[in-house]
Each structure stands twice: as C-alpha cells, then as structure tokens.
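Morning, everyone. I have one structure to walk through, and I'll keep it brisk.

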Amino acid sequence: NSVHWYQGKGLLWKVIVPMVTSPLAGLTLAFLVMALLYLLLRNSRPLRVNRFFGRAQMLSAGAMGVMHGTNDAQKTMGIIALSLLAATKAGQLDHLPGWLSFLHTPEPLPGKEMEIAVWIKVVCALTMAAGTAAGGWRIIKTLGHKMVKLQPINGFAAETSSAAVILAATHLGIPVSTTHNISAAIMGVGAARRLNAIKWTVVERMVWAWILTIPVSGLLAYGLVRLLRSSG
C-alpha cells in the first residue's frame, strides 16, 4: 500500500516541513480572505463594518482558542504523558509516597491507544491560559499595533484563516505553531491592504526569533541531558 506524505512518521514531514509551510499557508489564506472581504464590502459604511466584525471576532477568536487547544496543547500533554510512561517503565516512580500515585502511567494494552490522564489535561489548559493572560498583551501589541494596525475586519480574517490552517494540520496529526500561524495570517491581511501597511523591521525581528529559537532550544535540551547523565 502506498503511504501518503502526510502519513509519514519522520521528523522531516511531520515537523520541519510543516514548520515552514503552515505559516505560508496562513499568510496566503488570510490574504485571499481579506481581499475577498474588501471586494464584497467595498461599498459598505466603515462604521457598520466595524460594528459587525467586532461581534464576529468573538467567534473567530473562540475558534482560535479551540484550535490552540487542539494542536499546541496536545504537544505539551504528550510530552508529559510520555515522560511519565518512561519513568514508570524504568521503575523510577516505584518508591513515591502514596499521594503521588497519580503520576504512575502504565503502558497501554496492545492495540490500545494511550489515554492522557485528566489531571494532565487540566494542568496544561490552566498553564496555557495563565501564560496567555500574563504575557499575551505584549505580543498582542506587537502584532496588532506595531507590525500592522488592525481593525476588527482584519482580526476576523486573520483569526479565521489561521484557525482553518491549524484545523487542517490537527486533522492530519501535524504539530504546528499557533503563534507562527496567526502572525503570518496578520501579515497576510496587512499585505491585502497594501504592502507598506506592514512594518517590515518588526517582521524581520520576528522571523529571526523563529529561526533562532529552534537551534537554541535543541542545544539547551542537549546540554541538559548531558548534564543530567554525567551527574547521575
């Protein structure tokens, strides 16, 4: 039987390629959606348009929140669950006190999928919500004010497009970055207005941050593993 590219299990097709293509897809789709909205609403009154999309944005923002949970949150839950499974199999959790017995994660039966414990889901959801609430405003200011001046219609188009891309990636089992997708989608709606509506110096700093975080995170993880092994 032939195997489709999106069913590949390797690092290239499941992680590296989507890391590049998903923001491009978000940018392209947002550009097209924004251009279509401009075309359809070119004769409408700005006040009425802003009022309508100010309300519609509640739906698009909610969709982004759900998609954030269906993709980004799954990565965190998976890492925690797999770490606990590995620790349980290695016997490293055998001598924990009784009140920590919830950390034991047995291996699933043959042919069964691994179940993620409810407490892991709750902790991940609360942590992501707290992180967004605590530090999200600075990112919002960068994306919605410094990079592009957004109106409600722009936010609706960017959120809807980004949510659609993440939904497709989640359906295919591909981990993507919500931050990268929504940032690229905002670039797309800005470009649909006019190219000089985007502050490209801010975009350049963001792209460099995206590029550098990958090797830096890998090197830190490598260094920590080597340190822990040598100290053990």
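Let's start with K89. K89 is exposed, with a relative accessible area of 57%. K89 forms a salt bridge with E107. The closest N and O atoms of that pair are 3.5 Å apart. Where do the two partners, K89 and E107, lie? K89 is in helix α2, and E107 is in the loop between α2 and α3 (118-147), so the pair ties together parts that are 18 residues apart in sequence. E107 is exposed too, at 51% relative accessible area. The cut-off for exposed is over 50%, so E107 at 51% qualifies.

Keep in mind that this is a predicted model.

How many salt bridges does the count give? It comes to 2. We have just seen K89 with E107. There is also K75 with D72. Here the closest N and O atoms are 2.8 Å apart. K75 and D72 both sit in helix α2. They are 3 residues apart, which is about one turn of the helix. Buried or exposed, what is D72? D72 is buried, with a relative accessible area of 15%. K75 is partly exposed, at 29%. The buried class needs a value under 20%, so D72 falls inside it and K75 does not.

Now the overall picture. The protein has 6 helices and 0 strands. Reading along the sequence, you get α-α-α-α-α-α. The C-alpha trace spans about 70 × 50 × 30 Å along its principal axes. There are 232 residues, and 30% of them are buried. What about contacts between residues at least 6 apart in sequence? Of those, 76% join residues at least 24 apart. The protein exposes about 15,300 Å². Carbon and sulfur atoms supply 68% of that area.

Next, charge. The protein carries 21 positive and 7 negative charges. Their mean positions are 18 Å apart. Which residues gather in a patch of positive charge on the surface? They are R45, R48, R51 and R55. Take R55 as one of them. R55 lies in helix α2, residues 46-89. R55 is exposed, with a relative accessible area of 59%. R51 is in helix α2 as well. At 48% relative accessibility, R51 counts as partly exposed. To join a patch, a residue needs over 30% relative accessible area, so R55 and R51 both pass that part of the rule. One distance for scale: R51 and L93 are 42 residues apart in sequence. In space, C-alpha to C-alpha, R51 and L93 are 56 Å apart.

Let's go to helix α5, residues 178-193. Two residues here deserve a look. S183 lies in this helix. At 2% relative accessibility, S183 counts as buried. What does S183 touch, once residues up to four places away in sequence are set aside? The answer is L143, M147, M206 and W210. The other residue is M187, also in helix α5. M187 is buried, with a relative accessible area of 7%. Leaving aside neighbours within four places, M187 is in contact with L27, M147, I198, V203, M206 and W210. So M147, M206 and W210 appear in the contacts of S183 and of M187. As for I198, its C-alpha is 6.9 Å from that of M187, with their positions 11 residues apart in sequence.

Last stop, helix α6, residues 200-231. Which residues form the nonpolar patch on the surface? They are V207, W208, I211, L212, V216 and L220. Together they have about 560 Å² of accessible area. V216 is found in helix α6. V216 is partly exposed, with a relative accessible area of 44%. E204 is in helix α6 too. E204 is partly exposed, at 47%. E204 and T76 are 128 residues apart along the chain. Their C-alpha atoms are separated by 28 Å.

To recap the charged side: K89 pairs with E107, K75 pairs with D72, and R45, R48, R51 and R55 make the positive patch. On the nonpolar side, the surface patch includes V207 and L220. That's the tour.

Key. Residues numbered from 1 in each chain as written. Predicted model: local features only at pLDDT ≥ 70, side-chain atom pairs only at ≥ 80, totals over all residues. Heavy atoms only, no water. Patch = residues over 30% accessible without salt bridge, like charges linked within 9 Å, V, L, I, M, F, W, Y side chains within 5 Å. Areas by Shrake-Rupley, 256 points an atom, 1.4 Å probe, with all protein chains shown as cover. Salt bridge = Lys/Arg side-chain N within 4 Å of Asp/Glu carboxyl O. Lys, Arg positive; Asp, Glu negative; His and termini not counted. Charge placed at Lys NZ, Arg CZ, Asp CG, Glu CD. Helix = DSSP H or I, 4+ residues; strand = E, 2+ residues; numbered from the N terminus. Buried < 20%, exposed > 50% of the residue type's maximum accessible area, 1.4 Å probe, protein only. Contact = heavy atoms within 4.5 Å.
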